[in-house]
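Open your viewer, switch to a cartoon view and keep the selection tool at hand. We will go from stop to stop, and at each one you will hear what to pick and what is there.

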Amino acid sequence: MKAPLQLLFIITFLGSFLRARPETDSCTSNLNLKAPTPFDTTNLHCLSVWDAQGFILRYVQTSTNIWSFILSTPDTNSYIAIGFSASGSMVGSSAIVGWVASRGASGGIKQYYLGGVTANQVVPDKGNLQVIGNSSFISLQSSRLYLVFQLETTEPLSWLILATGSTGLFPAAPNYSLTKHLDKFSTRIDYSKANNGSSQVNGNSSSQGDGNSSQGDSCDSKLNLSIPLNFDITKLNCLSVWNAQGYILRYSQTSSNIWSFILSAPNQNSYISIGFSPNGGMVGSSAIVGWISSNGAIGGMKQYYLAGYAPNQVVPDRGNLAIINNSTLITSQSSRLYMVFQLQTNQPLSRLIYAVGPNGVFPTVPSFALMQHQDKVSVTVNYATGSSVLGNSYVNLKRSHGVLNILGWGIFIIMGAIVARYFKDWDQFWFNFHASVQSLGFILGLIGVITGLILNNQLNVDFNLHKALGIIILVLACLQVMAFVARPKKESKVRKHWNLYHHNIGRIVIILAIANIFYGIHLGKEGSQWMVAYGIVLAILLSIAVIFEIGLWSKD
């Protein structure tokens with residue numbers, strides 16, 4: 001009965017760890033900080049201010065001129081920041097930056113003044129925020145960071161800039177310089193209503209309205225442009241095509257072969273673009289790109305043909321879009337860009353690619369070269385029904401891809417290998433269990449690879465190494481399946497050579513799978529929770545293997 005007890009030991013421990021989940025935070029859960037705070041935390045307003053990174057902001061007006069804040073974020077072994085800006089722009093803002101190194105070895109919190117975009121213009125211990133003395137601290141609790149501070153002000157600035165730094169890079173003595181953020185997001189808060197309105201993530205033009213006042217846009221609101229257009233805007237279809245970036249697309253078929261479009265996006269001092277693609281990929285698509293700088297000094301609009309990924313393959317004034325003469329216009333109105341154009345076509349391509357450019361970098365004469373986008377998304381639009389597909393489907397597909405591959409290649413295949421090596425005392429059982437678990441792992445892994453290829457086709461991202469490793473793993477696994485079917489009998493002279501081949505190919509598959517799983521989690525930007533969860537399961541499996549291996553040696 002020794003073998004079944006060992007197997008029960010494995011399954012029991014795996015079950016307990018697979019059920020474990022790192023602690024998360026949300027506005028529906030109670031705040032339970034272990035560290036004492038200098039203010040009452042029971043009546044805090046709560047906002048999910050950056051869903052993609054899991055940033056939760058709690059705040060309250062403690063007195064007439066004191067505001068208290070708690071920013072909660074996942075611990076990704078990087079600094080976190082919250083900046084207060086007069087216009088939504090990074091330059092000129094003041095930020096509270098906090099960090100706790102891995103395992104809490106070191107940490108800190110400082111105010112920085114962002115005088116520009118270069119490293120020497122981000123100045124520590126300077127800024128316009130009146131931080132209450134001894135009110136600020138940062139705490140690491142259950143895989144989340146809690147950044148706590150109080151400001152002396154009648155009302156904080158409503159534009160907030162949230163950022164996360166590069167993994168493992170923290171400000172350090174003596175100069176406490178801040179490395180460039182890995183990702184950032186800007187949102188506008190209505191403190192009295194506890195909601196966030198206009199949002200930004202990381203430019204023939206006109207600039208209208210007060211740049212410091214923000215007009216939100218949605219498909220429920222009436223379009224009220226201050227400049228005349230040469231088509232009727234009262235009958236436009238409307239789609240929220242990119243919620244994370246606040247992109248709104250309005251369109252209509254003006255005549256049998258003319259389609260009119262208005263793309264609305266937050267003005268974040270960067271270019272915006274909409275591409276029309278035959279397959280959802282960037283390469284081969286034609287894009288309309290528009291930009292207006294935050295001060296209105298620079299502006300323009302052009303068609304680009306995307307022949308490849310290199311900058312010299314993104315060609316201005318080329319493309320397959322038949323743009324109606326004098327129909328293009330980009331305008332800035334109440335902190336939003338409105339890019340207007342008309343296409344001569346019976347039916348526009350349904351696969352659209354939206355992108356946002358780097359902050360403050362625009363196409364300029366003479367080349368009008370386009371810098372690489374900061375973020376992009378691909379969406380399929382049904383012009384007849386006025387619907388679009390991507391949104392959460394991308395996130396769900398990405399996570400399904402990860403879960404399937406972790407379970408298939410990263411857990412079940414390893415379990416099958418452990419049983420095959422250490423449970424041969426129970427002859428028929430170990431073989432049946434090994435074959436069943438390996439088959440299940442192969443099927444899950446195969447589906448995981450297929451979802452990865454679908455995801456790669458939708459996003460058209462450059463994950464070549466991850467993709468190549470996945471295909472190599474799948475090919476080796478297929479060879480294992482064929483070897484299993486064609487295995488020689490135990491009495492055969494070639495059986496020992498077959499065993500050597502089968503065992504070593506299996507080991508290679510496991511090593512490559514583990515490496516590719518961790519690399520995939522990194523590429524997916526899922527944070528430390530996935531890394532930690534799989535790391536714990538892997539550590540248990542390896543510990544079990546080591547214990548049984550020692551037992552095997554002692555027998556010999």
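Start by selecting methionine 482, which lies in helix α4. Keep in mind as you look around that this is a predicted model.

**First stop: methionine 482 and its patch**

Is methionine 482 buried or exposed? Show its surface: its relative accessible area is 51%, and because the cut-off for exposed is over 50%, methionine 482 counts as exposed. Now add Leu453, Ile471, Val475, Leu479 and Tyr501 to the selection; together with Met482 they form a nonpolar patch on the surface. The accessible area of the patch comes to about 500 Å². Which element gives the largest share of it? That is helix α4, residues 464–485, with four residues.

**Second stop: along helix α4**

Select the whole of α4 and put a distance between its end C-alpha atoms. The 22 residues reach 32 Å from the first C-alpha to the last, close to the 32 Å expected at 1.5 Å a residue. Then colour the buried residues of this helix: His466, Leu469, Gly470, Ile473, Leu474, Leu476, Ala477, Gln480 and Ala483.

**Third stop: tyrosine 519**

Keep His466 in view and select tyrosine 519, which lies in helix α5, residues 495–524. Tyrosine 519 touches Leu465 and His466, leaving aside residues up to four places away in sequence. Along the chain, tyrosine 519 and leucine 465 are 54 residues apart, yet 9.3 Å separates their C-alpha atoms. With a relative accessibility of 28%, tyrosine 519 counts as partly exposed.

**Fourth stop: helix α6**

Next, select residues 528–555, which make up helix α6. Its 28 residues should span 40 Å at 1.5 Å a residue, and the end C-alpha atoms are indeed 40 Å apart. Colour its buried residues as you did for α4; among them are Tyr534, Leu538, Leu541, Ile544 and Phe548, along with Gln529 and Glu549.

**Last stop: serine 286**

Finally, jump to strand β18, residues 285–292, and pick serine 286 there. Serine 286 counts as buried, at 2% relative accessibility. What does serine 286 touch, not counting residues up to four places away in sequence? Show Ile274, Gly275, Phe276, Gln303, Tyr304, Tyr305, Gly319, Asn320 and Leu321 to see these neighbours. With asparagine 320 on screen, look at its backbone nitrogen: a polar atom of the serine 286 side chain lies 2.8 Å away.

Methods. Residues numbered from 1 in each chain as written. Predicted model: local features only at pLDDT ≥ 70, side-chain atom pairs only at ≥ 80, totals over all residues. Heavy atoms only, no water. Patch = residues over 30% accessible without salt bridge, like charges linked within 9 Å, V, L, I, M, F, W, Y side chains within 5 Å. Areas by Shrake-Rupley, 256 points an atom, 1.4 Å probe, with all protein chains shown as cover. Salt bridge = Lys/Arg side-chain N within 4 Å of Asp/Glu carboxyl O. Helix = DSSP H or I, 4+ residues; strand = E, 2+ residues; numbered from the N terminus. Buried < 20%, exposed > 50% of the residue type's maximum accessible area, 1.4 Å probe, protein only. Expected span 1.5 Å × (residues − 1). Polar contact = N/O pair within 3.5 Å; in protein donor to acceptor, adjacent residues only side chain to side chain. Contact = heavy atoms within 4.5 Å.
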